[in-house]
Amino acid sequence: MGQTRVLVVDDNEAFIEMTKFVLTAAGNLVDAASDANSALSMIPVFLPDVILMDIQMPVIDGIELTKRLKADQATRKIPIIAFTAYATKGDEHDLKAAGFDGYIGKPVDVTTLAAEVAFWVEGPESARRSRFVWP
């Protein structure tokens, strides 16, 4: 497999920069959008292999954007990982119902972030289907 294309959708610029730094250093091609409308414009051009999606964003939140992407034939197969500080025990059901494939909690462990992203792109499909939360 070539370089993994990761789209980070988050309204926190410092968080975007940290994530881009970590994932680029691990050999990924990373781009970012600071809101849902920007993400919708970028996806058909950037063609991400995986999307890291913040939940709480202004105007259109990450849950609504994920629902839209999963309802669209062109984007429904892209793994979308909730990237949030607000996920707590029990939230995984709501996030999964919205269409998220998994979630990564903030603050992020920079030592495992690239491996987590690789799992959602390259991990066995059976493992991805059965594991919503990264171990």
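**Salt bridges, burial and the parallel sheet**

Modeller: Searching the whole structure turns up two salt bridges, and it should be said at once that the model is a predicted one.

Biologist: What makes the contact of Glu64 with Arg68 a salt bridge?

Modeller: The term requires a side-chain nitrogen of Lys or Arg within 4 Å of a carboxyl oxygen of Asp or Glu. The side chains of Glu64 and Arg68 meet with an N to O distance of 3.2 Å, and because that value lies within 4 Å the pair is called a salt bridge. Both residues belong to helix H3, where they are four residues apart, about one turn of the helix.

Biologist: Are Glu64 and Arg68 buried or exposed, and how do you know?

Modeller: Neither word fits, because buried means under 20% relative accessible area and exposed means over 50%, with partly exposed in between. Glu64 has a relative accessible area of 32% and Arg68 one of 39%, so Glu64 counts as partly exposed, and so does Arg68.

Biologist: Why is the pair of Lys70 and Asp101 also called a salt bridge?

Modeller: The side chains of Lys70 and Asp101 meet at 2.8 Å, N to O, and therefore they satisfy the limit of 4 Å. Lys70 lies in helix H3, whereas Asp101 lies in the loop between helix H4 (91-98) and S5, so this pair ties together parts that are 31 residues apart in sequence. Lys70, at 18% relative accessibility, is under 20% and therefore counts as buried, while Asp101, at 27%, is partly exposed.

Biologist: What makes Thr66 a buried residue, and which residues is Thr66 in contact with beyond its neighbours in sequence?

Modeller: Thr66, which is found in helix H3, has a relative accessible area of 0%, and because buried means under 20%, the residue is buried. Leaving aside its neighbours within four places in sequence, Thr66 is in contact with Met53, Ile80, Ala98, Gly99 and Phe100. The helix that holds Thr66, H3, lies across S1, S3 and S4 and runs at about 160 degrees to S3.

Biologist: Why is strand S4 called largely enclosed?

Modeller: Five of the five residues of S4 (residues 80-84) are buried, so the strand is largely enclosed by the rest of the structure. In a regular strand the side chains alternate between the two faces of the sheet. In S4 both faces are covered, with Ile80, Ala82 and Thr84 buried on one side and Ile81 and Phe83 buried on the other.

Biologist: How do you know that S3 and S4 pair?

Modeller: Two strands pair if there are at least two bridges between them. Strand S3 (residues 50-53) and S4 share three bridges in the parallel sense, so the condition is met. Within this pairing, Ile51 has Ile80 as its bridge partner, and Leu52 has Ile81. The chain passes from S3 through helix H3 (residues 62-71) to S4, and this β-α-β crossover is right-handed.

Biologist: Which strands meet the same condition elsewhere?

Modeller: S4 is joined to strand S5 (residues 102-105) by four bridges, the two running parallel, and Thr84 stands opposite Gly105 in S5. Strand S1 (residues 5-9) is joined to strand S2 (residues 29-33) by five bridges, again with parallel strands, and there Leu7 has Asp31 as its bridge partner. S1 and S2, together with helix H1 (residues 13-25), make a right-handed β-α-β unit.

Biologist: What makes S2 and S5 edge strands?

Modeller: The five strands form an open sheet with parallel pairing, in the order S2-S1-S3-S4-S5. S2 and S5 each have a single partner strand, so one side of each is left without a neighbour in the sheet. Neighbouring strands of this sheet are turned by 25 degrees against each other on average, direction ignored.

Biologist: How many helices and strands does the chain have, and in what succession do they run?

Modeller: There are six helices and five strands, and from the N terminus on the elements run β-α-β-α-β-α-β-α-β-α-α. Of the 135 residues of the chain, 44% count as buried.

Note on methods: Residues are numbered from 1 along each chain as its sequence is written. This is a predicted model: local features need pLDDT of at least 70, side-chain atom pairs count only at pLDDT 80 or more; totals for chains, interfaces and linings use all residues. Side-chain values use heavy atoms; hydrogens and water are left out. A crossover is right-handed if, with the strands pointing away from the viewer, the path from the first strand over the helix to the second runs clockwise. Buried means under 20% relative accessible area, exposed over 50%, partly exposed in between (1.4 Å probe, protein chains only). Contact means heavy atoms within 4.5 Å. Axes are lines fitted to C-alpha atoms, for helices over the stretch in contact, and angles run from 0 to 180 degrees between N-to-C directions.
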